[in-house]
Amino acid sequence: MTTVSAPGKLMLMGEHAVVYGQPCIVTAVDQRLIVGVEKNTSGRTIIDAPQVRDLRFVEACIAEFKKSYNTAGVDGGLSVSIRSQFSSSVGFGSSSAVTVALLKALSLEYAVGLTERDIFDLAYAVVLRVQGVGSGFDVASALYGGTLYFKKGGEVIEPLHNGVPIVVGYTGVKADTVRLVEHVKNLQERYPEKVDRIFSAIGKLVESGKEAIEGRDRERLGTLFTFNQEYLRDLGVSTEKLETLIAASKKAGAYGAKLSGAGGGDCMIAVVSEENRGRVESAIREAGGEVMNVTTHAPGAIIIPNERISSREGIGAPA
Ligand code: PMV
């Protein structure tokens, strides 16, 4: 049995623009997903994943791994168990965490010795195959963890040294990433000059955001979040609920706030000082949001020695 855990993620800055070649910043959060794999003699693949609603990523990982490493005896039976600490509806990237953890576990169980880069490339290929769109930022975050400055397809994956003090508010609405990426694509096709200008402006904000994170300048980072949010609103991916939570957090003293991820729902994030964290959290709750207790800059995919996953040992609330 090989067991690997991978973290959830939150996009800090640069969503959507990253799909068009601009950089983004993503951080791993300390809510994790655990995948165990074990060869069996049944000749079949048995998947025990009661919390995973969409098994397409799991099936695609196994198919892709078999296709690439068929010589390693993967044609025999395989048992896969998956447990998650977070629901697949909050936007923490359960699909990429599953994909990364499963491929890393398969690589170890079948001793094919994939490098981290091999795992990234394979996992990104799986995500593209199943989802059709995506920059791969979520795959990089699940694999490497920490806080990353990232460019599409892993062209740049640069670890930043600090996490970011944020409050996370969940809207209660699950975002449809594929639909929103499609919406932005249509907008870009209809108004290429305007939308490309927005993308490059977001890219510049990300560069400044990287400096602000490295310099631990919360006030500057907050302002950059707010500017980034204005562009996301222009792209038409914000919602009333997101705007309400963002406004409430700023009124309660956050340095700045924005949506995180594709938009349309999922979470908003606000940069706070330790003194006003509590006030911002209360304001988000009063405005109808759910505060998610997460810390950023969590470790990437790690092997958990001697861990056995069974239905009795589920580690979190069902998705
Ligand atoms: O909805 P999420 O959290 O998966 O974020 C999507 C971010 C996009 O930039 C819109 C798409 C991508 O893959 O980069």
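**Helix α6 and a cavity**

Colleague: How do you know what helix α6 (residues 192-214) should span, and how far apart are its end C-alpha atoms?

Modeller: At 1.5 Å a residue (times one less than the number of residues), the 23 residues of α6 should span 33 Å. The end C-alpha atoms are 33 Å apart, which agrees. Helices here are DSSP runs of H or I, at least four residues, and strands are E runs of at least two, numbered from the N terminus. This is a predicted model: local features need pLDDT (the predictor's confidence in each residue, 0 to 100) of at least 70, side-chain atom pairs 80 or more, while totals for chains, interfaces and linings use all residues. Residues are numbered from 1 along each chain as its sequence is written, and side-chain values use heavy atoms, without hydrogens or water.

Colleague: Which residues of α6 are called buried, and what covers them?

Modeller: Buried means under 20% relative accessible area with a 1.4 Å probe, protein chains only. In α6, the residues that meet this include Val 195, Ile 198, Phe 199, Ile 202, Leu 205 and Val 206. Their cover, by contact (heavy atoms within 4.5 Å), includes β1, β2 (24-40), α5 (177-190) and α7 (218-234). Just after α6, Arg 216 takes a positive phi of about 50 degrees.

Colleague: What makes a space a cavity, and how many of 30 Å³ or more are found?

Modeller: On a 1 Å grid, a cavity is a set of points where a 1.4 Å probe fits but cannot get out. One of 30 Å³ or more is found in the whole structure. The largest cavity has a volume, the space filled by probe spheres on the points, of about 40 Å³.

Colleague: Where does the largest share of its lining come from?

Modeller: From strand β1 (residues 2-13), with three residues. Lining residues have an atom within 4 Å of a point; among them are Lys 9, Leu 10, Met 11, Val 90 and Asp 266.

Note on methods:
1 Å grid on protein atoms, 1.4 Å probe; cavity = no way out; pocket = protein on both sides within 12 Å on 5 of 7 lines; lining within 4 Å. Buried < 20%, exposed > 50% of the residue type's maximum accessible area, 1.4 Å probe, protein only.
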